[in-house]
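Visitor: I'd like to learn how to read a fold from its coordinates. Could you walk me through one?

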Amino acid sequence: MGHKKKSSLKAMLQSQQTRLKNKEKAVHAAEAAELKTKHKGKGKAPALRPTIPFTFTDKILLIGEGNFSFAHALVIDPPLSLEHLPPSNITATSYDSEEECYDKYPDARSKVDVLRERGAEVLFGVDGTRFEKCSALKGRRFDRVVFNFPHAGKGITDQDRNILSNQMLILGFLRCVVGYLAEGTIPTLNLSRKPKRLADDDDDDDDIDTSSPSTVQGARGTVLITLRNVPPYTNWEVPRLAKTPPKPASLGTPPNPNYKLLRSFVFHRNMWKGYEHRMTKGERAHGRGTTGEGGEDRTWEFCLKD
C-alpha cells in the first residue's frame with residue numbers, strides 16, 4: 001500500500017514536470033515576442049525598486065543559512081529601511097552542527113561570532129523539515145520564515161530522482177513551518193505591476209512583483225523561498241507544491257496545508273552586502289559550483305490559506 005502511494009506521488013510530480021516544460025516553451029515564445037515588440041517601441045519602462053520583504057518590526061527565522069552571510073548582511077549592513085531592525089529579532093539556523101558548519105564553510109565562524117555579539121540568535125542542527133526537534137523554537141512564531149536556495153544536497157545524478165528529492169524537501173518544509181508562523185489576517189499588498197498571463201496559465205498570481213512590504217498590523221506570518229529561476233530549479237514547481245500539494249506518500253505522513261501565493265519578485269543579491277550563495281556539497285560548498293547559471297534569482301512569498 002505504501003509503495004503504491006509513493007508511486008502515485010511520483011507519477012503526480014512527474015506529470016506536473018511535463019506540464020511545466022510545456023509551459024516553459026510557451027513562456028519563452030511569449031518572451032521572444034515581447035522582446036521584439038520592445039525593440040520597436042520608444043523609450044524604456046521605469047525600473048522597479050528592489051523588493052525588501054521585511055520591516056524593522058518583523059521577527060525573522062532564517063533556515064539553511066550555510067555560511068550565515070545573509071544573516072550577517074541583515075544584521076550588519078541592511079538596506080536603509082531595515083536599519084532599525086533589532087538583531088534580537090533574527091534567528092538564523094544551520095542544518096549542520098556547529099563543527100560541521102565551520103568545517104564546510106570556514107568563513108562562517110567569524111560571521112557567527114559577529115551575529116552573537118550583536119544579539120542575534122544562531123542555532124545549529126536545525127532540520128528545515130522537522131522544526132519540532134529543535135527545543136529552542138518550541139512555542140515561538142515568526143512574521144517571516146526564509147529559506148534561501150533550499151537543496152536536499154544528496155548528490156543524486158539522475159535528474160528526475162533529484163527533482164523528486166528536492167520537492168520532498170520543499171513539501172516537508174511547508175508542512176512543518178505551519179505552527180511557527182504568526183497568526184492573523186491575510187496580508188494585503190499594494191501591487192506595482194502585474195504582468196500579463198498566458199492563456200494556459202492556471203496559476204494564481206505566479207509573477208507578481210511589488211516593492212511594497214507585506215506586513216500590516218495583525219497580519220499572519222509568511223514563508224519566503226528563493227531559487228534560481230532556471231532549470232532544474234523551475235522543475236521543482238515550488239508555487240504549485242505550495243498551493244496544490246500532492247497527497248501524502250504514506251499513511252504516517254500528515255497532509256500538506258494549502259498556501260496562498262502573495263507575490264514573487266527578483267531577489268537582488270547586491271542588496272545584501274557580503275551575501276554569498278554557498279552550495280551544499282564538495283567544491284560547490286566553496287562557491288565554485290556552476291549549476292543554475294543564467295536566469296535570475298526569484299523569491300516566492302506565501303501565507304496559509306483560510
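Visitor: Let's start with one side chain: is Arg-130 buried, partly exposed or exposed?

Guide: Some ground rules come before that. This is a predicted model, where local features need pLDDT of at least 70, side-chain atom pairs count only at pLDDT 80 or more, and totals for chains, interfaces and linings use all residues. Residues are numbered from 1 along each chain as its sequence is written, and side-chain values use heavy atoms, with hydrogens and water left out.

Guide: Now the idea: buried means under 20% relative accessible area, exposed means over 50%, and partly exposed is in between, using a 1.4 Å probe and protein chains only. Arg-130 has 36% relative accessibility, so it counts as partly exposed.

Visitor: Where does Arg-130 sit along the chain?

Guide: Helices (H or I, at least four residues) and strands (E, at least two) are DSSP runs, numbered from the N terminus. Arg-130 lies in the loop between β3 (121-124) and β4. Arg-130 and Cys-176 are 46 residues apart in sequence, yet 6.1 Å apart in space, C-alpha to C-alpha.

Visitor: How do I read the sheet, and in which order do its strands come?

Guide: Pairing is the key: two strands pair if DSSP finds at least two bridges between them. Here 7 strands make an open sheet, ordered β3-β2-β1-β4-β5-β7-β6, with mixed pairing. The edges are β3 and β6 (259-266), each pairing on one side only. From one strand to the next, the twist averages 20 degrees.

Visitor: Which pairs run parallel, and which antiparallel?

Guide: β1 and β2 run parallel with 3 bridges, and Ile-60 stands opposite Ile-90 in β2. β1 and β4 are parallel too, joined by 4 bridges, and there Ile-60 faces Arg-144. Moving along, 5 bridges join β4 to β5 (residues 222-228), again parallel, with Thr-222 as the bridge partner of Arg-144. β6 and β7 (residues 297-304), by contrast, run antiparallel with 7 bridges, and Lys-260 is opposite Cys-303 in β7.

Visitor: What about the two faces of a strand, say β1?

Guide: Look at which way the side chains point. In β1, Ile-60 and Leu-62 on one side and Leu-61 and Ile-63 on the other are all buried, so to speak a strand with both faces covered. In β4, Arg-144, Val-146 and Asn-148 point one way, Val-145 and Phe-147 the other, and all are buried. With 5 of the 5 residues buried, β4 is therefore largely enclosed by the rest of the structure.

Visitor: Why is helix α2 described as largely enclosed?

Guide: Because 6 of the 8 residues of α2 (residues 69-76) are buried. They are Ser-69, Phe-70, Ala-71, Ala-73, Leu-74 and Val-75. Taking contact as heavy atoms within 4.5 Å, these buried residues pack against β1 (60-63), β2 (90-94), α4 (108-118) and β4 (144-148).

Visitor: At what angle do α2 and α4 pack?

Guide: Axes are lines fitted to C-alpha atoms, for helices over the stretch in contact, and angles run from 0 to 180 degrees between N-to-C directions. For α2 and α4 the angle is about 40 degrees, with the axes 10 Å apart. Under 35 degrees counts as roughly parallel, over 145 as roughly antiparallel, 65 to 115 as roughly perpendicular and the rest as oblique, so α2 and α4 are oblique to each other. The contact involves Ser-69, Ala-71, His-72, Val-75 and Ile-76 of α2 and Lys-111, Val-114, Leu-115 and Arg-118 of α4.
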